[in-house]
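Thanks for making time this morning. I would like to walk through one structure with you, going slowly, since some of you have not come across it before.

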Amino acid sequence: MSLGVSRPRIEGPGKVTGGVRYAADEPVKNLAFGYIVTSTISRGRVADIDIAAVQGMPGVLGVIDHRTAPRLTPGVGSYFGPDDALQLLQDDTVPHAGRPIALVVAETLEQARAVADALPVSYVEEPHNTLFSEDNPAARPATPLYGPDLAIGDLAAELAASAAVVDEAYSTPEENCAAMEPHSATAWWDGDRLEAIDTNQGPFSIATVLSALFGLDLARIRIRAEHVGGGFGAKGMCGPQLILAVMATTKFGRPVRISLTRQQVFLATGMRPPTVQRMRLGADADGRLRAMQHEATFSLSPLADYVEGFPELTKTLYAATAIHTKITAVPLDTVPPFSMRGPGATPGSFALESAMDELAERLGMDPVRLRLRNEPSVGPVSGLPFSSRNLVACLEEGARRFGWAARDHRPRLRREGRLLVGTGVAATSFSAGAFPSTASITAEVDGTFSVVIGASDIGTGARTALTAVAAEALGVDVDKVRIHIADSTLGPAWSAGGSRGTTSWTWAITEAAAQLRGHTGELPFTATADTAQLLELLATRERHSYSAVFAEATVDPATGEVRVRRLLGMFAVGRVVNPLLARSQVVGGMIGGLSMALHEEAVRDRRTGRPVNADFAGYHIAAHADIPDIEADFVDDHEPGIPLGVKGAGEIGNVGTAAAVANAVWHATGIRQRTLPLRLDRVLE
Ligand code: MOS
């Protein structure tokens, strides 16, 4: 038995001793360094870049801008369609502050940066719009990638017949993925083959985009991402570091390394868009939901279409007679948004689960009971059966461990010295599934197995988990398995994203193992599996992971300071491959949710449109001192239809935590917080 056993990360000792290499660490001969010049205006044109003025500076190899950059194929994109964010240095337009407008290449990083700082750039500035608001005249319906706007049942009639109604708006700010490792790439030509080491969440998909952008045969591209210091979504896209490094190595004939500064990570990589979400809930006196309406407005960029499933939970978490959802997009002159830590569901759940708490308040009902009261038997919108649904177990077991039964649901009753104390809960789901992947396993002569899959490990422990998956599927000990991942030449594989890495890769590995088991002939022998067709056999179901998050918070009424004292999450994420790593993943997610609740907020200057807190001094993220005892555990769960019963634990830890904390702050103070983060000034008001 290899599954369900806690094992530390295979690469753990390497990571803590500095033995493993991240993208910017790899020694490469004859290396040159690129430094990106970003626009200081939010909209307009580049009038001039005076390259001649810096030509004589020490170490400079050259400057690439829109006049000299290699041409890229227009219309290339990814998941969300054509993406002009990828079209770097192709013309003189400036679509947002922080847009790369030139690349300096020099012998050293310091020289490149000095040249970039000295480079004279002039602009023709145009009026910009970077202020997010619901009533922006440019607002338009969002793309229906996650399903069209919904209107099931008679909302007005159900609200009118309700004994209690909540009608409130909730706001979440622009946020940044802010991985500890800034985006970095090193690219070089090996004959007619392009090699790159890049920071990303899926080398194969990045190589596919790069191949289309540069018109290069995929077989001539090799991208590796052996170790990645956190992704959180923003490393799921083909980053500016890689596109510009490829341009530079092509132009200057030397390996080129580009690392974004921390500021550039904020300026030029995908952010979580701000939202305003209007929730209307109506229920009978006994808590049965009659009506749910969820209208979300978010910002995007004219450069690329984008959407998140903000009402995902509203469509699946509770039974209600009428369910209406709508998503509206506001194009702004900012860096394009991209997926971040449970996209859609995370901001969406702050709105839904805060509103559910308000509904419980109005009904005078226990918030756990209210949720249990509305457990659906089939998908409330789809009518489909649930593949597996263990939310009730999460709520009940979580409540038991947290000591929820002793809670008085009335607010502002608990005091400890000058502090107000409260507790809150949120229920959560996150969509589950798998995407096509390939894997190969070689049965070696010495009785060991080499597993090859284009998976990536962005710090989650995927490498370790997949070793256990392969051992389980092969019926051998883990020490008989060697795994090789994170290389685009290993074949098509889904990225570490969408909480679908482990399910997608497990499927391919178990399939290859099944083929190998029937082999009795000569060794070595390699079996290769491609799950593209198998996935079509997966029954259409409501397929989600679930959790219940409980929080205890203290509020200092004199300062408005909120501290989270206790967090407990119970999770139903299918079969748990490695409890140690899975717990680490969901605890990390809960810390992200706590950070969202209390700290994270990217602010733009109203006049210039530029980010004003694009660094870790100004953009606050939960630090050790902010993080309380966190308990996270798993209820028994098994996903039918997916090999080994796995379901996905990547993002769900993030999803409910902010609402649970905000609900605890209401319970402590009696004052509802509908805007994140719960800053001191907001709590004081
Ligand atoms: Mo994730 S936000 O699907 O990388």
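Let me begin with strand S13, residues 184-190, which pairs with strand S16, residues 256-259, in the antiparallel sense over 4 bridges. I should say straight away that what you have in front of you is a predicted model, so please hear everything that follows with that in mind. Within this pairing, alanine 185 has isoleucine 258 in S16 as its bridge partner. S13 also pairs with strand S14, residues 193-198, again running antiparallel, and here 6 bridges join the two. If you look along that second pairing, you will find alanine 187 standing opposite alanine 196 in S14.

What lies between S13 and S14? The two strands form a hairpin with 2 residues between them, and glycine 191, which sits in the turn, has a positive phi of about 65 degrees. Is S13 mostly covered or mostly open? It is mostly covered, given that 5 of the 7 residues of S13 are buried.

As a reminder for anyone who does not look at sheets every day, strands of a sheet pair through backbone hydrogen bonds, and they can do so either parallel or antiparallel.

There is another sheet I would like you to find, an open one of 3 strands in the order S6-S2-S8, with antiparallel pairing. Strand S6, residues 93-94, and strand S8, residues 121-125, stand at its edges, and because each has a single partner strand, one side of each is left without a neighbour in the sheet. Strand S2, residues 44-49, pairs with S6 over 2 bridges in the antiparallel sense, and in that pairing glycine 44 stands opposite valine 94 in S6.

Let me turn now to charged side chains. A search of the whole structure finds 53 salt bridges, and I have picked out a few to discuss. In one of them, the side chains of arginine 463 and glutamate 226 meet at 3.4 Å, N to O. This pair links distant parts of the chain, with arginine 463 in helix H10, residues 462-474, and glutamate 226 in the loop between strand S15 and helix H5, 237 residues apart. Their surroundings are worth setting side by side: arginine 463 is buried, with a relative accessible area of 7%, whereas glutamate 226 is partly exposed, with a relative accessible area of 33%. The pair also belongs to a wider arrangement, a network of salt bridges that links Glu11, Lys15, Glu226, Asp457 and Arg463.

Which partners does glutamate 416 meet? The side chain of glutamate 416 forms a salt bridge with that of arginine 414 at 3.8 Å, N to O, and glutamate 416 also forms one with arginine 565, where the closest N and O atoms are 2.9 Å apart. Arginine 565 lies in strand S28, residues 562-572, and glutamate 416 in strand S21, residues 414-416, so this pair ties together parts that are 149 residues apart in sequence. As for accessibility, glutamate 416 is partly exposed at 38%, arginine 414 is partly exposed at 33%, and arginine 565 counts as partly exposed at 32%.

On the surface, there is a nonpolar patch of about 300 Å², made by Tyr79, Leu145 and Tyr146. Tyrosine 146 is found in the loop between strand S9 and strand S10, and tyrosine 146 is partly exposed, with a relative accessible area of 38%.

Finally, the empty space. Rolling a probe the size of a water molecule over the atoms shows where such space is left. The second largest pocket has a volume of about 530 Å³, and among the 25 residues lining this pocket, Leu131, Phe132, Pro274, Ala602 and Arg604 lie nearest its centre. Strand S11, residues 164-172, and strand S18, residues 275-283, are the elements that give two or more residues to that lining.

How many cavities of 30 Å³ or more does the structure hold? There are 5, and the largest cavity has a volume of about 230 Å³. That largest cavity is lined by 24 residues, and the closest to its centre are Asp83, Ala85, Leu86, Met237 and Pro336.

Key
Residues numbered from 1 in each chain as written. Predicted model: local features only at pLDDT ≥ 70, side-chain atom pairs only at ≥ 80, totals over all residues. Heavy atoms only, no water. Buried < 20%, exposed > 50% of the residue type's maximum accessible area, 1.4 Å probe, protein only. Pairing = 2+ DSSP bridges. Patch = residues over 30% accessible without salt bridge, like charges linked within 9 Å, V, L, I, M, F, W, Y side chains within 5 Å. Areas by Shrake-Rupley, 256 points an atom, 1.4 Å probe, with all protein chains shown as cover. Salt bridge = Lys/Arg side-chain N within 4 Å of Asp/Glu carboxyl O. 1 Å grid on protein atoms, 1.4 Å probe; cavity = no way out; pocket = protein on both sides within 12 Å on 5 of 7 lines; lining within 4 Å. Points joined across faces, edges and corners; volume = space filled by probe spheres on them.
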